[in-house]
There are 2 protein chains.
Amino acid sequence: MSADNQQERLDANWIVGFVDGEGCFHIPINKMDKMTLGWQVLPEFRVVQHQKDEKMLNKLQEYFGFGKVTVNREDHHGIRKEYRVRGLNNLNQMIEFFREHPLQTTSKKQSFRIFTKVIEMMNKKEHLTQEGLDKIAKLVSKMNRKPKLKYLESSETIRQTPTIELVKI
Amino acid sequence: MSADNQQERLDANWIVGFVDGEGCFHIPINKMDKMTLGWQVLPEFRVVQHQKDEKMLNKLQEYFGFGKVTVNREDHHGIRKEYRVRGLNNLNQMIEFFREHPLQTTSKKQSFRIFTKVIEMMNKKEHLTQEGLDKIAKLVSKMNRKPKLKYLESSETIRQTPTIELVKI
């Protein structure tokens, strides 16, 4: 394959390498009163890039055929965009991709393992039970580089803390 | 290839993806009185990871067969290690690798293009002439995310500024 063609089409192993570096498996547990248990588990997969590399995010979206490219944040470095995948159906396909093409770094492998466990529990609707939600919160708390999980804090007291955001893992 | 084998051996496209995310082409121009022109151009290629992913850096070193894994910095996040390649002979081989397996992101392609130009000039010993050094400094100043280049500042005044460090590009 010529260099030009390689630049047009993403390679599965390239994607794994890029995600090993830049990907993020993220599981916020958000306070939401209308949910039966008062909390919503909203897993997502993300790759964040500076706007000048937005084309790469579009290529990821084209490769997978799901997810969307949207604004991540804007600060003095400029605008950052993200390729974001939500929804159990899409995330199950994403997991299948990384089972066929395994992540290589220790930390991303660990995040992926936990992420997969949570998605499998959600496939069985276990996040809708108190026991399942507690188990998910404990799994998420083992992910890398996260702040103390508000859900776990609140489950020791009363459950009325605001939206939780977990940082990049 | 089984998933287990894939985890043992790095794939070229995986490396490109990982470097598109985490790699850094870095060209400090350091004040050094013993050099003829008083400045040393010291290009290097780097991949920095948290210590828990040091194994990945060792695999890169094994794959290329040159460069070294060393401490990058230590702070409240823990120890960061880097895979670092210096020396024209090694860097020429590194450039050959990325010519065969092109980087994909706009910003890393741009950095690589400038890095390659500088290495080619150094191959011809042009960095040892005043004209060549000026040209290199101007090329480096076009790289992404760098502070104002001390060499260029000093060439407008007197050349006696201390060591310059360029941040990740």
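1. In this predicted model, the side chains of B:Lys81 and B:Glu54 meet in a salt bridge, with a distance of 3.0 Å from N to O. B:Lys81 belongs to strand 6 (residues 78-85) of chain B and B:Glu54 to helix 3 (residues 54-64) of chain B, so the pair ties together parts that are 27 residues apart in sequence. The two partners fall into separate accessibility classes: B:Lys81 counts as buried, at 13% relative accessibility, whereas B:Glu54, at 23%, counts as partly exposed. The cut-off for buried is under 20% relative accessible area, and the value of 13% for B:Lys81 therefore meets it.

2. A further salt bridge in chain B joins the side chains of B:Glu82 and B:Arg84, at 3.7 Å from N to O. Here both B:Glu82 and B:Arg84 are buried. In chain A, the residues A:Glu82 and A:Arg84 take part in a network of salt bridges that also links A:Glu44, A:Arg46 and A:Arg86.

3. For a salt bridge with an exposed partner, one may turn to A:Asp33, whose side chain meets that of A:Lys31 at 3.6 Å from N to O. A:Asp33 has a relative accessibility of 66% and counts as exposed. Over all chains, the search of the whole structure finds 18 salt bridges, but the rule finds zero of them across the interface of chain A and chain B.

4. What, then, is found between chain A and chain B in the way of polar contact? The count is 10 residue pairs, with both residues of each pair at pLDDT 80 or more. The side of chain A that touches chain B draws at least two residues from each of helix 1 (3-8), helix 2 (12-22), helix 3 (54-64) and helix 5 (106-123) of chain A. Helix 2 of chain A gives the largest share of this side, namely eight residues. Sorted by class, the side of chain A that touches chain B comprises eight nonpolar, 12 polar and 10 charged residues; the presence of 10 charged residues on that side should be read together with the finding of zero salt bridges across the interface.

5. As to the extent of the interface, the contact takes 30 residues from chain A and 30 residues from chain B. The size of an interface is often given as the accessible area lost when the parts come together. For chain A and chain B the buried area is about 2,500 Å², and carbon and sulfur atoms give 48% of it.

6. The relation between the chains is described by a rotation of 180° with 0.0 Å of shift along its axis, which superposes chain A on chain B with an RMSD of 0.0 Å. The two copies are thus related as by a two-fold rotation axis. Moreover, 100% of the interface residues of chain A are also interface residues in chain B, so the copies meet through the same surface.

7. One backbone feature deserves a check in both chains. A:Lys125 is not a glycine, and yet A:Lys125 has a positive phi of about 60°; A:Lys125 is placed in the loop between helix 5 and helix 6 (130-140) of chain A and, at 57% relative accessibility, counts as exposed. B:Lys125 likewise has a positive phi of about 60° without being a glycine, and B:Lys125 sits in the loop between helix 5 (106-123) and helix 6 (130-140) of chain B. With a relative accessibility of 55%, B:Lys125 also counts as exposed.

How values were computed: Residues numbered from 1 in each chain as written. Chains lettered and ligands numbered in written order. Predicted model: local features only at pLDDT ≥ 70, side-chain atom pairs only at ≥ 80, totals over all residues. Heavy atoms only, no water. Contact = heavy atoms within 4.5 Å. Buried area = accessible area lost by both parts, 1.4 Å probe. Salt bridge = Lys/Arg side-chain N within 4 Å of Asp/Glu carboxyl O. Polar contact = N/O pair within 3.5 Å; in protein donor to acceptor, adjacent residues only side chain to side chain. Helix = DSSP H or I, 4+ residues; strand = E, 2+ residues; numbered from the N terminus. Nonpolar A, V, L, I, M, F, W, Y, C, P; charged D, E, K, R; others polar. Buried < 20%, exposed > 50% of the residue type's maximum accessible area, 1.4 Å probe, protein only. Least-squares fit on C-alpha atoms with pLDDT ≥ 70 in both.
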